[in-house]
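Open the model in your viewer and keep the selection tool at hand. The stops below say what to select next and what is there.

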Amino acid sequence: MLDMSRRAHWSFNIVTPPWRKDKEMPIAYMLGSSCVSTINNSIVYLVGGRMFIPNTTNLTYTSSTYVFNSNISQWTIPNITGFNSSFTRRDQMQAIINNNEKIFILGGIDFISVIRYNDINIFDTTTMSWLTLPQSSRSLQCSDYAAILLPNSLIIYIGGRLPNGSHINMNQIQIFDTKFFTWSTNTTSGSNVRSRAGHSAVLTQNGDIILYGGATMNSTGSLISVLSDIAVLNTDTWKWFIPDISGSNVPPPLAFHSAALYLNYMILAFGQTAISQTHTNNIYILNIHNYTWIATVDIPTTTTTTAETPTDETSDNQQNNNNILYIGIGIGVGGIVLTGILLTAGLLIYKNHDDESTESSEIDRISLYG
């Protein structure tokens with residue numbers, strides 16, 4: 001957990017980030033996904049991925065979903081009706097949650113048989129029920145993509161890989177309507193953006209999607225190259241553009257990392273830095289107002305820090321209510337099995353307003369889950 005408490009003067013430096021330990025996970029975890037409740041923002045859901053007995057390389061199939069309640073620091077296994085048993089061994093997909101507390105997961109891969117799935121799975125967390133919708137189009141049989149929920153209830157799927165190992169064209173954006181369960185495709189224009197997998201994406205307050213990094217891969221899934229570029233998709237015009245980037249605190253090429261939008265800053269965390277399976281524990285910060293890589297976020301407590309609230313649906317990288325603000329992001333598929341503590345590569349930021357204290361207390365943390 002990264003403590004971003006705002007005291008007399010609040011700052012956050014990438015060289016000495018203030019890590020804090022929270023409740024240990026019951027399993028070690030990688031290549032899965034996470035999302036945060038939109039009702040009270042104190043519940044984190046882990047969905048899919050490879051789960052291991054802590055401190056070992058032994059897989060465990062006890063459950064494919066876990067729930068963390070940050071109010072009481074407790075992990076539990078939910079009792080789900082109609083659960084799709086294929087999720088026992090499914091990874092390399094991204095979970096998205098909407099304001100109705102439904103989690104949507106597209107595709108993914110069986111990490112034992114290497115079967116690639118062509119379905120949409122919907123986990124209704126209010127009823128603890130599961131629904132699987134098979135899809136006919138092979139273009140939806142994908143993995144290692146980035147997904148973003150727009151305020152109009154549409155999930156945008158960007159990039160990723162197909163069953164034959166080819167990369168999805170970045171100019172063909174698959175869109176899923178979470179209200180009517182229908183698909184559409186948007187063809188983008190503008191700057192040329194290289195196809196990739198294992199990249200991250202965040203949604204800004206003005207509707208832009210900022211993409212970072214990723215990798216090109218061969219048909220067996222081995223990395224060919226790791227990327228370090230930034231591309232921005234305007235969701236009003238559906239045009240890509242490549243911003244001019246400045247700053248000296250530039251991250252290395254990253255794939256299978258995580259990204260979060262916090263105020264006017266995109267925060268990158270962890271990931272694979274080279275085709276030689278080199279990983280990093282570092283974090284990086286991009287000021288999205290001027291596209292500058294910076295080392296420190298320095299904000300006086302008098303600065304207004306409440307992000308603009310979306311009008312309808314809320315992206316899984318920005319959720320808020322009166323008590324706690326979580327910002328959950330990234331495909332979170334980077335990392336290696338080390339321990340059951342903070343193993344996954346998902347990055348979650350939340351703000352806790354303690355209304356019971358005599359003085360208004362605001363605690364911001366970045367937590368590592370899935």
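Helices here are DSSP runs of H or I with at least four residues, strands are DSSP runs of E with at least two, and both are numbered from the N terminus. Counted that way, the protein chain has 0 helices and 34 strands. The model is predicted.

**Whole chain**

Start with the full chain, coloured by pLDDT. The average pLDDT is 80, and 78% of the residues score at least 70. Next select residues 303-370, where the pLDDT is below 50. Beyond near neighbours in sequence, this stretch still has 242 contacts in the model.

Then switch to a surface view of the protein chain. About 14,500 Å² is exposed, and carbon and sulfur atoms supply 48% of that area. Of the 370 residues, 58% count as buried. For contacts between residues at least 6 apart in sequence, 56% join residues at least 24 apart.

**Strand β5 and its partners**

Select residues 43-47, which are strand β5. How many of the residues of β5 are buried? The count is 5 of the 5, so β5 is largely enclosed by the rest of the structure. Show the side chains next. In a regular strand the side chains alternate between the two faces of the sheet. In β5, I43, Y45 and V47 point one way, while V44 and L46 point the other way. Both sets are buried.

Add residues 33-36, strand β4, to the selection. β4 and β5 pair in the antiparallel sense over 4 bridges. One place to look is S33, which stands opposite V47 in β5. The hairpin of β4 and β5 has 6 residues between the strands, and N41 in this hairpin takes a positive phi near 55°.

Now add strand β7, residues 65-69. β7 and β5 are also antiparallel, with 5 bridges between them. To find one of the paired positions, label V44, whose bridge partner in β7 is F68.

**Two loops with positive phi**

Move to Q92, in the loop between β9 (90-91) and β10 (95-97). Q92 is not a glycine, yet its phi is positive, at about 60°. With a relative accessible area of 12%, Q92 falls under the 20% limit and is buried.

Then select S153, in the loop between β15 (146-149) and β16 (154-158). S153 is another residue other than glycine with a positive phi, here near 80°. Is S153 buried or exposed? Its relative accessible area is 0%, so S153 is buried.

**From β16 to β18**

Stay with β16 and bring in β17, residues 172-177. The two strands pair in the antiparallel sense over 4 bridges. Label I156 and I175: I175 in β17 is the bridge partner of I156. In β17, 5 of the 6 residues are buried, so this strand is largely enclosed by the rest of the structure.

Extend the selection to strand β18, residues 182-187. β17 and β18 are antiparallel and share 6 bridges. Across this pairing, Q174 stands opposite T185. The two strands form a hairpin with 4 residues between them, and F181 in the turn has a positive phi of about 55°.

**The largest cavity**

Keep Q174 selected, since the next stop also involves this residue. A search of the whole structure finds 2 cavities of 30 Å³ or more. The largest cavity has a volume of about 50 Å³. Which residues line the largest cavity? Select L106, S139, C142, Y157, G159, I168 and Q174 to display its lining.

**An open sheet of five strands**

For the last stop, select β19, β25, β24, β21 and β20. Strands of a sheet pair through backbone hydrogen bonds, either parallel or antiparallel. These 5 strands make an open sheet with mixed pairing, in the order β19-β25-β24-β21-β20. The edges are β19 (189-190) and β20 (200-203), each of which pairs on one side only.

Within the sheet, zoom in on β21 (residues 208-212) and β24 (residues 230-234). These two strands run antiparallel and are joined by 5 bridges. To locate the register, label D208, which stands opposite N234 in β24.

Methods. Residues numbered from 1 in each chain as written. Heavy atoms only, no water. Buried < 20%, exposed > 50% of the residue type's maximum accessible area, 1.4 Å probe, protein only. Contact = heavy atoms within 4.5 Å. Areas by Shrake-Rupley, 256 points an atom, 1.4 Å probe, with all protein chains shown as cover. Pairing = 2+ DSSP bridges. pLDDT = per-residue confidence, 0-100. 1 Å grid on protein atoms, 1.4 Å probe; cavity = no way out; pocket = protein on both sides within 12 Å on 5 of 7 lines; lining within 4 Å. Points joined across faces, edges and corners; volume = space filled by probe spheres on them.
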